[in-house]
Amino acid sequence: MAGRRPVFSSALFGAFLKRIGIQSLKQVCSVTSLICFSLIFCPRSFAQESPYIITYDHYLEEPGSLEVEYFSTFGTQRAGNDFLAFWVEFEYGVKAWWTTELYLDGQTTFGDSTVFTGARWENRFRLLQREHFVNPVLYIEYERKNGADKILKEVEGKDVESDFAESNATLRQEHVNELECKLLLSKTYKGWNFAVNPLAAKNLSNNPWEFGYAAGASRPLALKASPNRCAFCPENFIAGAEIYGGLGDRYHLGLHDTSQYIAPAAAWNLPSGWTLRISPGFGLNGNSHRFLLRWGISREFSGFNEMLGHFFGGRQ
Amino acid sequence: MTTGFMHPRFAMLGLFIATCVFGSSAQLASARQDNPSSANNPNWNYEEIKKAPEKARLMRNPFENDSDALRAGGKLFERNCAGCHGMKGEGRKKAPSLIRDEVQQATPGALFWVLTNGVVWHGMPVWSKLPEPQRWQIVMFLKSLGVSTRP
């Protein structure tokens, strides 16, 4: 079944939306829902979010808080059409040591179509009670997606640019049930965060285990908070860089035929509770997309558990 | 590939919602059990403060007597802590009062240690994601809660 063509293609407003990365009715709905949700239920919560988009540090969602996030990835494609992939994340702190997350993914390939590409359910478990020299967090994710998925939330095995050269109609024929495990290792020292995430993924059909990695470093522009409330205080900005790529599979371990990326990243934590992130990424070899531009917006809602409790008739 | 009775995407959505609902009810039930009637319930466990190692307890706040740091600490407290502990640190269902003697008589170093390491199994996340100076600014504000309400 062919996907829906991008809307707003001729209108001036459509051109503006396109310019800021909004291509389809589905995306408009997602962003509008996010804004409405925040305006209706807005117990303000400031989140000191890292700028990473691919790498995870060891910090989990505060218990009872829900973070709603929208991300986009614009990618160039040799021998094919450029694309804009997008996803919405709902991240909930079940416990101080357990965060669960639901992703809904989609993408628009220019000159082709817009398609919903799948969903993921992710869980992160903190393994140690206190801070240590290195802090491990176990990450387990189940993905149910199709071959048109282009969000590139992780790069694994021998994922390469040419995998995306086919049309959406063809790519959607492939169905992927995947289990993905990561060990998130992270340390914060003198304001710097260093994180390394080795990953192993297994397509639950008869495919071999595939491997990959992501690593990042980041630091706020100022370590000391200013006494005044301000949007542009340097402590609200965090800058860093990520590097990520595939490491082959169990039969061909290594960098051969893999794609690799490096991406500077920045986050702006606004006092209103919103966080904006941007990260231009660059392919490091001929198998990688030349350029990926990622951006995202998120908002944290503290006390979501109480709201949910009241909704289901709990006592105040 | 779909299962006989439910599409996997809906199954995932269901599982996520079930986890949220289960987590919420478990947290609320736990909070009620810990704190059935009052935010200042003495049953809250302050033992974690006493677990701070000697070296941590003896650390001094580099911002002592810095009024700007106190104001910054108030701002950080409101952003990061007030959601659970209340705007004046009076305590709520989810988290204990910070005005009580157990907290106010603790050394700044011990409070800094608890803030850094959290009390993860009892619901308080680690706050080492805040840079060290910001954690000290929060500690300064915490200590001020005992003598006045808000700066």
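Which residues does Leu102(A) touch, not counting residues up to four places away in sequence? In this predicted model, the contacts of Leu102(A) are Phe90(A), Ala119(A) and Trp121(A) from its own chain, together with Met12(B), Leu13(B) and Phe16(B) from chain B. That list, which draws on both chains, is a convenient point of entry, and the account below turns to chain A, then to the cores, and then to chain B.

Chain A contains four helices and twelve strands. The twelve strands close into a barrel, following the order β1-β2-β3-β4-β5-β6-β7-β8-β9-β10-β11-β12 with antiparallel pairing, and from one strand to the next the twist averages 20°. Strands of a sheet pair through backbone hydrogen bonds, and the pairing may be either parallel or antiparallel. Of the 316 residues of chain A, 48% count as buried, and among the contacts of this chain with a separation of 6 or more, 64% are made by residues 24 or more positions apart.

The closure of the barrel can be followed at strand β1(A), residues 66-75, which is mostly covered, with nine of its ten residues buried. On one side, β1(A) pairs with β2(A), residues 83-95, in the antiparallel sense over ten bridges, and within this pairing Phe74(A) stands opposite Leu84(A). β1(A) is also joined by ten bridges to β12(A), residues 291-301, the two strands again running antiparallel; here Ser72(A) stands opposite Trp295(A). Elsewhere in the barrel, β10(A) and β11(A), the latter spanning residues 274-283, run antiparallel and are joined by six bridges, with Gly283(A) in β11(A) as the bridge partner of Tyr261(A).

Leu102(A) can now be placed in a wider setting, since Leu102(A) and Ala85(A) are the residues that touch the most other members of the largest nonpolar core, a set of 38 residues. The elements that each supply at least two residues of this core are β1, β2, β3 (98-109), β4 (114-126), β10 (260-269), β12 and α4 (304-311) of chain A, together with α1 of chain B. Within that group, β2(A) gives the largest share, seven residues. A second, separate core of 37 residues includes Tyr59(A) and Trp97(A) as well as Ala69(B) and Phe77(B).

How many residues of chain B are in contact with chain A? There are 41, and they meet 43 residues of chain A. On the side of chain B that touches chain A, the elements giving two or more residues are α1 (8-34), α4 (67-80), α7 (108-117) and α8 (132-145) of chain B, and of these α1(B) provides the largest share, 14 residues. By residue type, this side of chain B divides into 19 nonpolar, 14 polar and eight charged residues.

One place where the two chains meet can be examined through Ala225(A), which is found in the loop between β8 (210-220) and β9 (237-249) of chain A. With 26 other C-beta atoms within 10 Å, Ala225(A) is buried, because the cut-off for a buried residue is 20 or more. Leaving aside its neighbours within four places in sequence, Ala225(A) is in contact with Glu235(A) and, across the chains, with Ala72(B), Lys75(B), Leu76(B), Gln134(B) and Gln137(B).

Of these partners, Ala72(B), Lys75(B) and Leu76(B) are buried residues of α4(B), as are others including Ala69(B) and Phe77(B). α4(B) has 14 residues and reaches 20 Å from its first C-alpha to its last, close to the 20 Å expected at 1.5 Å a residue. The cover over the buried residues of α4(B) includes α5 (82-85) and α8 of chain B.

Helix α8(B) also takes part in covering α7(B), whose buried residues are covered by elements that include α2 (47-50), α3 (54-57) and α8 of chain B. Eight of the ten residues of α7(B) are buried, so this helix is largely enclosed by the rest of the structure. The buried residues are Pro108(B), Ala110(B), Leu111(B), Phe112(B), Trp113(B), Val114(B), Leu115(B) and Asn117(B). Just after α7(B), Gly118(B) takes a positive phi of about 65°.

Conventions:
Residues numbered from 1 in each chain as written. Chains lettered and ligands numbered in written order. Predicted model: local features only at pLDDT ≥ 70, side-chain atom pairs only at ≥ 80, totals over all residues. Contact = placed C-beta atoms within 7 Å. Nonpolar A, V, L, I, M, F, W, Y, C, P; charged D, E, K, R; others polar. Buried ≥ 20, exposed ≤ 12 C-beta atoms within 10 Å, placed from the backbone. Pairing = 2+ DSSP bridges. Core = buried A, V, L, I, M, F, W, Y, C linked by C-beta atoms within 7 Å. Expected span 1.5 Å × (residues − 1). Axes fitted to C-alpha atoms, helices over the stretch in contact; angles between N-to-C directions.
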